[in-house]
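Visitor: I would like to test the terms against the model. Please show it to me.

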Amino acid sequence: MHFEYQIEGGNFTRAGFASSEIKKMLKQLNVDLAIIKRTVVATYEAEVNVVAHAYSGTIYVDVDEKKIIIKLVDEGPGIPDIEQAMKEGYSTASSRVREMGFGAGMGLPNMKKNADDLKISSEVGKGTTVEIRMRFSS
Amino acid sequence: MTVEQLKEKLGLKVFGGEQGLANEISGGYVSDLLSDVMGNADTGQIWITLQTHKNVMAIASLKDLVAIILVKNHEPEEDTLAQSNEEGIPLLGTNMSTFELSGKIYELLK
Ligand SMILES: Nc1ncnc2c1ncn2[C@@H]1O[C@H](COP(=O)(O)OP(=O)(O)OP(=O)(O)O)[C@@H](O)[C@H]1O
Ligand SMILES: [Mg+2]
């Protein structure tokens, strides 16, 4: 199965919509609850990062009976130093975003902790691609 | 203890999500940093915060939290309340500070 979702940069009222749809789908597929929980954390953080830090993006979801691959491709400023961005506490979030309680610099570490496999590539001035892979059999 | 029982004991205000009042509380989490809650809160917990915007409901729903309590007389925004009612996740309020409320709930749940 293949699904796509659009993400609008800066639009926090829609943040989490795709993650919620993915959660519902995995529940219908009877995926193990612990795996659904980890998928939800990783996907939500990736989705919010597009809203908070990029201009627009698309989520491509591919799921079969063994795995789910969630790929987020955004157009945005990109990440100059991915290793630095992965450090807990590192954030360039705007003050508006921080006031909402985002910008703790914990999103990428949460993704790393919860995804079975996480790939990030980025080009400064163009955008960022994040790929989250989860296996259903442990 | 159910959310309803906790609400009665502490005189909490119910803004919305009444459908979920009968749900059982497994514990609690206190934070105003959303990715801290995303990473560390767990299913069935009550979440104490001063954040009032809609993303708190999105997180409560994604994490299967049992209720949200807004401290210090904070009031939810309109779309936050609407989502609480849609999802049946109670949105509660108190005039107590986070410190006071957490201490009381900790005593009641232990
Ligand atoms: N899609 C993206 N586009 C551009 N920059 C990004 C993107 N994702 C992450 N970053 C950069 O990496 C930093 C760290 O991201 P991370 O998700 O860990 O923290 P945060 O989003 O700032 O705060 P939190 O996730 O705790 O709310 C961000 O502040 C930003 O500088
Ligand atoms: Mg983030």
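Visitor: Why is the meeting of K37(A) and D42(B) called a salt bridge?

Guide: A salt bridge needs a side-chain nitrogen of Lys or Arg within 4 Å of a carboxyl oxygen of Asp or Glu. The side chains of K37(A) and D42(B) meet at 3.1 Å, N to O. That satisfies the cut-off, so the name applies. Between chain B and chain A the count is 2 salt bridges.

Visitor: What kind of model is this, and how are residues and chains labelled?

Guide: It is a predicted model: local features need pLDDT of at least 70, side-chain atom pairs count only at pLDDT 80 or more, and totals for chains, interfaces and linings use all residues. Residues are numbered from 1 along each chain as its sequence is written, chains are lettered from A and ligands numbered from 1 in the order in which they are written, and side-chain values use heavy atoms, without hydrogens and water.

Visitor: How many residue pairs are in polar contact between chain B and chain A?

Guide: There are 12, with both residues at pLDDT 80 or more. On chain B, α2 (34-40) and α3 (55-62) each supply at least two residues of the side that touches chain A. The largest share, 6 residues, comes from α2(B). Helices here are DSSP runs (H or I, at least four residues), and strands are runs of E (at least two), numbered from the N terminus.

Visitor: What makes up the contact, and how much area does it bury?

Guide: Each chain gives 21 residues, with contact meaning heavy atoms within 4.5 Å. The buried area is about 1600 Å², of which carbon and sulfur atoms give 54%. Buried area is the accessible area (1.4 Å probe) that two parts lose on being put together, summed over both. In chain B, S35(B), N55(B) and L62(B) lose the most area to chain A, together 36% of what that side buries.

Visitor: Why is α3(B) called mostly covered?

Guide: Buried means under 20% relative accessible area, exposed over 50%, partly exposed in between (1.4 Å probe, protein chains only). In α3(B), 8 of its 8 residues are buried, so the label holds. Among them are N55(B), M57(B) and L62(B). Just after α3(B), D64(B) takes a positive phi of about 55°.

Visitor: How do you know that chain B is as compact as a globular protein of its length?

Guide: Chain B has 5 helices and 5 strands. Its radius of gyration is 12 Å, close to the 13 Å that the globule rule gives for 110 residues, so the description fits. The radius is taken over C-alpha atoms, and the rule is 2.2 Å times the number of residues to the power 0.38.

Note on methods
Polar contact = N/O pair within 3.5 Å; in protein donor to acceptor, adjacent residues only side chain to side chain.
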